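Work through the exercises below with the sequence and the 3D structure at hand. Each task is followed by its solution in steps.

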Amino acid sequence: MHWIVCPDEKSQAKACASIIAAQVLQKPSSVLGFATGSSPLKTYAELIEMSRQGAVSFSRVRTFNLDEYAGLPRDHPQSYSRFMWDNLFSGMNMREDQARIPNGMAADLDAECRDYEQAIEDAGGIDLQLLGIGHDGHIAFNEPGPDFSKFTHVERLNARTVEANKRFFDSADDVPRTALSMGVGSIMRARRILLAASGKDKAEIVKEAFLGPVTPSLTASILQFHGDCTIILDREAASALTYN
Ligand code: GLP
């Protein structure tokens, strides 16, 4: 694994955005995997700025998002679809046909998951996948469990995840209890992975996930087995790491 520790969140976001932009400059038709949550927000603002300045064009990329809440329409203020259009895609002038996000309103969610997995494969696989990490070590919505999920699937959210994500909703009761999520297998097939974490509250889980044993009870730990994974942290998220 590669490690980048930045002095603060701003420089972390700039570094993250530069890596994504470099990928697109090298391969303008890149397939990018994007994440939601607060971790990538500043990175997305940087990418929009780079695109506005003409430093990089996203006109040929295709994107796949990690996950979506089940039961929220695309235009729901808390849907991940809305999050991506509000915080990234509109600012980069992306076309609807470039961006795929699981449809949480599909009549048959299992069929939607299969179609989604197939669409990633048909696109040639993901060149660069951006990830955040949940407080229990989940990536996308792959909660801790007895084994690693292979493919896009319907996942039941843990009480802790519902608690962490309720800040975006009026109350915890409004947070959907299930989501469609790429599997750990889908994520591990990405050619490059960039996991971003910031803030003191992520310090312990970062240490456990990437310096501890690989186990499905801490999903992100599997990334230790990926051939090209970069962990990009601000100083606070790196504060529990010891280098001896
Ligand atoms: C959600 C998302 C994850 C994200 C996690 C952490 O559970 N499904 O993809 O990594 O939140 O979010 P944050 O970056 O806000 O801490």
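Helices (H or I, at least four residues) and strands (E, at least two) are DSSP runs, numbered from the N terminus. The model is predicted, so local features need pLDDT of at least 70 and side-chain atom pairs count only at pLDDT 80 or more, while totals for chains, interfaces and linings use all residues. Residues are numbered from 1 along each chain as its sequence is written, and side-chain values use heavy atoms, with hydrogens and water left out.

**Exercise 1.** Place Leu 194 in its strand and decide whether Leu 194 is buried or exposed.

Step 1. Strand S9 covers residues 192–197, and Leu 194 lies in this strand.
Step 2. Buried means under 20% relative accessible area, exposed over 50%, and partly exposed in between (1.4 Å probe, protein chains only).
Step 3. Leu 194 counts as buried because its relative accessibility is 2%.
Step 4. Trp 3 is 191 residues from Leu 194 along the chain, and their C-alpha atoms are separated by 9.9 Å.

**Exercise 2.** Describe the residues around the ligand.

Step 1. A residue is near a molecule if one of its heavy atoms lies within 4 Å of it.
Step 2. There are 14 residues around the ligand, and those that come nearest are Ser 38, Ser 39, Asp 67, His 138 and Lys 202.

**Exercise 3.** Find side-chain atoms that lie opposite oxygen atoms of the ligand.

Step 1. A polar contact is a pair of N or O atoms within 3.5 Å; within protein, one must be able to donate a hydrogen and the other to accept it, and residues adjacent in sequence count only if both atoms are side-chain atoms.
Step 2. For Ser 39, a polar side-chain atom is 2.5 Å from a ligand oxygen atom.
Step 3. For His 138, a side-chain N or O atom is 2.8 Å from a ligand oxygen atom.
Step 4. For Arg 167, the corresponding distance is 2.9 Å.
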